[in-house]
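Subject: Structure handover

Hello,

Please find the structure below, for you to open alongside this message. My notes on what was found follow it.

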Amino acid sequence: MADRTVADLVVERLRAWRVPRVFGYPGAALAPLVAALDDAGGDPAFVPARHEETAAYMATGHAKFTGGIGVCLATQGPSAVHLLNGLYDAKLDSKPVVAIIGEDVSGPLGGAHEEIGLSRLFGDVCNQFVRYGRGPDQVPTLLDQALRTAAATRSPTCVVLPRALQVAAVPDLLPQVAGVLTATPGEPLARVLPHEADLDAAAALLGGGRRVALLVGQGAHGAAGEIVALADRLDAGVATSLLGKPVLDERLPFHAGVLGEVGTTAAAQLMGGCDTLVMIGTNDPWTDWFPLPGQVRTIQIDIDGRRIGTRYPVDVPLVGDAVETLRALLARLPERPNPRWRAVVQSAVRRWRTAATDRAATPAEPLNPQAVLRELSARLPRRASVAVDVGSVVYWYARHLELPPGVQARLCGTLGSMGCALPYAVAAKLARPDQPVLALLGDGAMQLNGLAELITVAHHWSLWPDPRLVVLVLNNRDQSGVGAGRAPGAPVGRRADVPYAGWARLLGLHGVRVDRPDLVGAAWDEALAADRPTVLEAVVDPTVPLDVPEPALADLRGLVAEGDAARLVRERVIQTEAIAAEDLV
């Protein structure tokens, strides 16, 4: 072991933390570490991306789909700059990622090639932990701290390793530094529960509510059973944030769908009619669709107390894990049925589902993108993972792709940066090569980095037990950046019409191009039955309207004082309940 280097030591620590793979873009300042990864026999594996940005997206996608820590590599200068988009995605969606930066700077400061101040560059996105390695004896503790901090704070961290340090020899016994030789990797996170008094206050508040709404976010993953039990006990309606869409079975009759600009009219109506709101693991930014100020009393459950009350006024904050907090709350709650309110909610849900079906059936030239996503719903494999990009595809995904229980779906929900879906899909597929993966994106995202990352797919797919990775490209040739959200009558800027399916075939993958409504279902069947990854290119109409739902009670927003809002909303909801009751007769 006399010739062991710091690069070998880094690999050992990543292995100790059970990091299965590292995503990156090689460079001279990282050459020793990449060589050590190549010698590691796939434990951990090094996955070279076509660009540093996609490497960071892959690391974040790994964290989102597996719940583990993503790790990405880059060198200093422009390579490091390119990581920022993916790292900000991890920061804003609270996912643990570690960026390891190789640095090879010599000569006077300020005069080196590709020199950028890395501490300042990563000081915001990795504000929980940015450190430089200075000597071999520091490296084990430095990496342990970076990995532990990323896991504990659910955020990205950064370690800078000079090239000269990577090649430095490591003695058989490292000297003890500041009382620490090595730390135990992977301690479990603590159990977090609210105080008893807060749980009692929440139960009392819910006991006084007549029209309860639950808003579910990504922090509620794993709590579906408890959420349904709470909804049934209170005859509540449920809506989700965009990131919370995979949490619950969307076929539930009281599930109003996604809330917000990309969401449903039923979700907006649920928020407009409720008098009590329970927010579970959500930090949803679309507050224009929340209830009017003064209309509701609110409980918010979140494991991170820093998020409580940042989007909307909260009466009872509950800092704790969603599953255990909901169980403790259920133990305090008697049955509080309100069949009239549940009838109002279910009526709104039925109306929305009928409207969504009609929208997807509307003729378009050549294809209606809504129909493309609805055709997938009936065919979506039950063990699939779905990666969704940014753009009009998010609207169609949020409203028309029904996710059955067990299907994971992830997107760049808070940052909203385009180009994430295919890197996410690669990370999801490498994590579970025996399960199908789908990436949903527009032609803009495909041209941004998807065409290049198909090379990564072509490099790896032959090793996958289940070769199905289907990339849906909604080809609308629209260069405006807003799709159907442009002003009425505005011209459509045309993007270059790339043969996406043909490019896939050139790489040895499968490609299907569809531009006839009657062939969409058959195209999905062919893509999902293929013996290799497939690009399904759907030529869709760029003028299909996004139909952003109007916030409920929009005519009252900004026009009434808080004291008047509850009264005016109550009057309207009483009218709506009466109509729903008549529908039941």
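**Overview**

The secondary structure of the protein chain consists of 20 helices and 18 strands. Please keep in mind that this is a predicted model. The chain has 585 residues, and buried residues make up 56% of them. Among the contacts between residues at least 6 apart in sequence, 75% join residues at least 24 apart.

**Two open sheets**

One sheet is open and has six strands, in the order β2-β1-β3-β4-β6-β5, with parallel pairing. Its edge strands are β2 (45–48) and β5 (130–132), each of which pairs on one side only. From one strand to the next, the twist averages 25°. Four bridges hold the parallel pairing of β1 (residues 21–24) with β2, and Arg21 has Ala45 in β2 as its bridge partner.

Another open sheet, also of six strands, has the order β14-β13-β15-β16-β18-β17, and here too the pairing is parallel. At its edges stand β14 (408–411) and β17 (510–514); each has a single partner strand, so one side of each is left without a neighbour in the sheet. Neighbouring strands of this sheet are turned against each other by 15° on average, direction ignored. β17 and β18 (residues 534–539) run parallel and are joined by five bridges. Within this pairing, Val514 has Ala538 in β18 as its bridge partner.

Two helices can be placed against these strands. Helix α3 lies across β13 (385–388) and β14, and runs at about 145° to β14. Helix α19 (residues 520–529) packs on the sheet and touches β15 (437–442), β16 (469–475), β17 and β18; its direction makes about 175° with that of β17.

**Nonpolar cores**

The largest nonpolar core holds 57 residues, and Leu206, Leu214, Ile227 and Ile299 touch the most other members. Helix α13 (residues 339–361) gives the most to this core, with seven residues. Apart from this core lies another, of 55 residues, including Met58, Cys72, Phe122 and Cys412. In soluble globular proteins, nonpolar side chains tend to be buried together.

Neighbours within four places in sequence left aside, Ile227 is in contact with Leu214, Val216, Ala220, Val247, Leu248, Ile280 and Leu326.

As for α13 itself, 23 residues at 1.5 Å a residue should span 33 Å, and the end C-alpha atoms are 33 Å apart, which agrees. Its buried residues include Trp341, Trp352, Arg342 and Arg359.

**A buried glutamate**

Where does Glu250 lie? Glu250 is in the loop between β8 (237–240) and β9 (255–258). With a relative accessible area of 9%, Glu250 counts as buried because the cut-off is under 20%. Outside its neighbours within four places in sequence, Glu250 is in contact with Lys245, His255, Arg353, Leu401, Glu402 and Leu403.

**Aromatic pairs**

There are three aromatic pairs. In one of them, Tyr57 and Tyr424 meet edge-to-face, at 6.3 Å centre to centre and with 85° between the planes. This pair links distant parts of the chain, since Tyr57 is in helix α3 (residues 52–66) and Tyr424 in helix α16 (residues 421–431), 367 residues apart. Tyr57 is buried, at a relative accessible area of 0%, and Tyr424 is buried, also at 0%. Another pair, Tyr395 and Trp396, is tilted, with 6.4 Å centre to centre and 55° between the planes. Both Tyr395 and Trp396 are buried.

**Backbone points to check**

Asp43 and Pro44 are joined by a cis peptide bond, with omega about -5°. Pro44 is in the loop between α2 (31–38) and β2. The peptide bond from Glu365 to Pro366 is also cis, with omega near 0°, and Pro366 is in the loop between α13 and α14 (369–377).

Arg18 is not a glycine, yet has a positive phi of about 60°. Arg18 lies in the loop between α1 (6–16) and β1 and counts as exposed, at 74% relative accessibility. Arg154, not a glycine either, has a positive phi of about 50°. Arg154 is found in the loop between α7 (139–153) and β6 (156–162), and at 30% relative accessibility counts as partly exposed.

Regards

How values were computed. Residues numbered from 1 in each chain as written. Predicted model: local features only at pLDDT ≥ 70, side-chain atom pairs only at ≥ 80, totals over all residues. Heavy atoms only, no water. Core = buried A, V, L, I, M, F, W, Y, C linked by side-chain atoms within 4.5 Å. Buried < 20%, exposed > 50% of the residue type's maximum accessible area, 1.4 Å probe, protein only. Contact = heavy atoms within 4.5 Å. Expected span 1.5 Å × (residues − 1). Pairing = 2+ DSSP bridges. Axes fitted to C-alpha atoms, helices over the stretch in contact; angles between N-to-C directions. Phe/Tyr/Trp six-rings, centres within 6.5 Å; stacked < 30°, edge-to-face > 60°.
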